[in-house]
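Trainee: Please take me through one part of this model closely. I would like to look at the place where the two chains meet, and at what surrounds it.

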Amino acid sequence: MTRRLSAILVALLFATPAMGQNAPAAAKAKAASPEIPFDSAPNFLKLPPGLYMGEGTGVATNSKGHVFVFTRSGETRLFEFDQNGTFVKEFGVGSYGFAFAHAVRVDKDDNVWAVDEGTNVIQKFTPDGKLLMVLGKRPDPLEQTVMLPGGGQYSGANRPYSFHRPTDIAWDPQGNIFISDGYGDSRVVKYDKNGRFVKSVGTRGNGPLQFSTPHAIAVDAKGLVYVADRGNSRMIILDNDLNQKAVWDTIGAPWAVCISQGPHQYIYSSNSFATGNNFDSAATTGEIYKMELDGTVLGHFGKSGHGFKEFSSVHQMDCRNPDELYVAEITQWRVQKLTLHPAASRSTGGR
Amino acid sequence: MKRIASFVMASGAVALGAALFAQSVPEINFDANADIINLPSYGEVAGVATNSRGNVFVYARTGHAVATLGDERTFYHGGSRLFQFDQSGKFVKELGQGVYAVNFAQQVRVDPQDNIWIVDAGSNQVVKFDPEGRYQLVLGRKGENIGVRPGAGVPASVPDAAARGAAAPEGGRGGGGGGRGGGGNPGAGINGDSFNRPSDVTWDRAGNVYVADGYGTNNRIAKFTKDGNFVKTWGHTGSAQGQFNQIRGIAADAAGNIYVADAGNKRIQVFDGEGTFKSQITNVGTPQAICISGGSPQYLFASNSNDAESLEHGEIYKLQLGGQVVGKFGKAGKLPKEFGMVNAIDCRTENDLWVGEIWNWRAQKVTLKK
């Protein structure tokens, strides 16, 4: 045991010299010239609490002896200290031209020039820190996004304990957990109340027990599971063991679904205006349906639009109280609180 | 030989004509002050605009666009900020900190009710804030993530797909960003607010909203009601009347005529509010920023901005609304009173202007003198 340990130690000791085998020979002048003694002021720079040095890539002084430090910290930053190392100020806080520090220089007029190799920008500051000139132009970030990974496409991986862009969650009265999953999978996953995997159903498609973006999910007091199969413009109803029981296909594309509480539960489904679509489709989308749990449509309300009492891509609803709904919208950044007056419902002439 | 000679002569005549034209445009005396506004964080000034109280709004590309790693997809945040200053240049506040749409500043405008509108080419959105900085309206939608792999969703071969930052939209059906057309003319965009690097916004007297769309491949004007609901769109890629090649700015006069800076075609096209072509102005170089002054009569200002790799041009033209050039001022450069890639002009009166410069990271107050 001891021998093995010492073997490791020996190996470690020899590792460094071995790595130095390609080091250049000592400079000839080293042996031919005297060594100059020197001291160093420890901790010369006194950074205020909360400011930290990163990689020290640039340092320069001005005519008053002030010291400018250009450092790759969490962000690249440019600090000024006085001749005693006392912090004076920071230059260009949050500047577009600070991403990866490289060098700082002070000209004869005490202007401070910062060379940033991240942004390809050189900034000239007055001694007071005001920006005087910019050389170079930062590459257009929009042109560079092509280099970034990840579109998150459909995988159908169907893993027991991993999701792929999941969309919604619901619980039955026993506390079992139902998850719609989602964009990258096309399934419903059931866990018990302790999070143990029970079952998953669904693949991508438009047949029985298939989904195309299951986007929302709700469970009623009897444990039936309602899956908003948005891409197929239908609601799929599953029993508690995830067997398919019914399909509703007359309520448009269900983006959001909720079930009210109380002895008589209702289910609401939003046929939301799809973002990014032709606005012509606004005329045929946007309304929210109120239904019995057997699928009987009791009525609808609302239409697409950005205005007050209009719905701009409803993405989720709360209907704890069946006459008091909260709706969250994607493309008009808001939540509307709605009060329904079902007793005053009127026919819309079958439209 | 004779033909060559006449060709040379013709070329000479053209050059001479251009020189004569250049000489015939009067220089307007002006002052410029680059020291009024000191940005809280420096960056490319894409937009500058004033409200009725003389407050100045600057929309700048500053800080960093951030890609969030460790997620299913790569999300995109930050990269620009919107600042408000009083008329003496004192910093008042920042608007829209951390707002989802604030990614790549393209323009800011203040409407007649002092609402502040930002146009963002990164999120492909136009957002209206009330004078206190609360949202009033959101147009367009930001791509959910950036970086588009080949496969389902947007084919990688779609030009400009990544620049749009658009992937499969929420819902996965229909179009993502613009640029893929709606089955109509190429580069016409779809009937809606799927912008492709929008560049500017303006309004008519009724409050209808006109979005210049834009730097990408849509090459169209999209019109909305004051509530933000889609009315119509006109234009597609091309050089004929009513067609566009990179729209960099838009402005409306008091009569509701719409002036469109059709940069790639080196002209300003004028339409009525329904998109019917009326006329075009072709003697102002490559119009990047345009502005129509308040007061009566109104004047049109247009910047023939330099590009990122030259110190050529840079002058700003003052025109009558009919297109007659009154004069010009300024040139490209990095010094005070010079202009570096002017992307914004605010002209509340015909003599009091603000210009925003992408190259020089500043907003200058410009005063024209008789």
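Mentor: What follows covers the contact between the chains, then the core, then some salt bridges and one loop residue.

This is a predicted model. Start with the interface. Chain A brings 57 residues to the contact and chain B brings 69 residues. The size of an interface is often stated as the accessible area lost when the parts come together. Here, about 5,000 Å² is buried between chain A and chain B, and carbon and sulfur atoms give 54% of that area. On the chain A side, Tyr96(A), Leu142(A) and Trp333(A) lose the most area to chain B. Together they make up 17% of what that side buries.

Now the polar part. The rule finds 20 residue pairs in polar contact across the interface of chain A and chain B, both residues at pLDDT 80 or more. In chain A, β7, β8 and α3 (141-144) each supply at least two residues of the side that touches chain B. β8(A) gives the most to that side, with five residues.

Four salt bridges cross between chain A and chain B. Take one of them. Arg165(A) pairs with Glu144(B), with 3.3 Å between the closest N and O atoms. Both Glu144(B) and Arg165(A) are buried.

Next, the core. Nonpolar side chains tend to be buried together in soluble globular proteins. The largest nonpolar core here has 35 residues, and Leu78(A), Phe125(A), Ile37(B), Leu39(B) and Val58(B) touch the most other members. Several strands each supply at least two residues of this core. In chain A they are β2 (67-72), β5 (101-106), β6 (112-116), β7 (121-125) and β8 (131-135). In chain B they are β2 (43-50), β3 (56-62) and β6 (80-85). β3(B) gives the most to this core, with three residues. Look at Phe125(A). Leaving out residues up to four places away in sequence, Phe125(A) touches, among others, Leu78(A), Phe91(A), Phe98(A), Leu132(A) and Tyr42(B). Another core, of 18 residues, lies apart from the largest one. Ala46(B), Ala49(B), Val108(B) and Phe129(B) are among its residues.

Chain B itself has one helix and 26 strands. Of its 370 residues, 60% are buried. Its accessible surface comes to about 14,000 Å², and 53% of that belongs to carbon and sulfur atoms.

Side chains of opposite charge can pair when their charged atoms come close. The rule counts 31 salt bridges over all chains. Within chain B, Glu274(B) bridges to Lys223(B), the closest N and O atoms being 3.1 Å apart. Glu274(B) sits in the loop between β18 (267-271) and β19 (277-281) of chain B, and Lys223(B) in strand β14 (residues 220-224), so the pair ties together parts 51 residues apart in sequence. Glu274(B) is partly exposed, at 44% relative accessible area. Lys223(B) counts as buried, at 5%. Arg362(B) and Glu357(B) form a salt bridge with closest N and O atoms 2.7 Å apart. Arg362(B) is buried at 10% relative accessible area, and Glu357(B) is buried at 0%. In chain A, a network of salt bridges links Glu55(A), Arg72(A) and Glu117(A).

Last, a loop residue. Leu293(A) is in the loop between β21 (288-291) and β22 (297-301) of chain A. Its relative accessible area is 23%, so Leu293(A) is partly exposed. Beyond its neighbours within four places in sequence, Leu293(A) contacts residues including Tyr226(A), Trp248(A), Ile259(A) and Tyr266(A).

Terms used: Residues numbered from 1 in each chain as written. Chains lettered and ligands numbered in written order. Predicted model: local features only at pLDDT ≥ 70, side-chain atom pairs only at ≥ 80, totals over all residues. Heavy atoms only, no water. Core = buried A, V, L, I, M, F, W, Y, C linked by side-chain atoms within 4.5 Å. Buried < 20%, exposed > 50% of the residue type's maximum accessible area, 1.4 Å probe, protein only. Helix = DSSP H or I, 4+ residues; strand = E, 2+ residues; numbered from the N terminus. Contact = heavy atoms within 4.5 Å. Areas by Shrake-Rupley, 256 points an atom, 1.4 Å probe, with all protein chains shown as cover. Buried area = accessible area lost by both parts, 1.4 Å probe. Salt bridge = Lys/Arg side-chain N within 4 Å of Asp/Glu carboxyl O. Polar contact = N/O pair within 3.5 Å; in protein donor to acceptor, adjacent residues only side chain to side chain.
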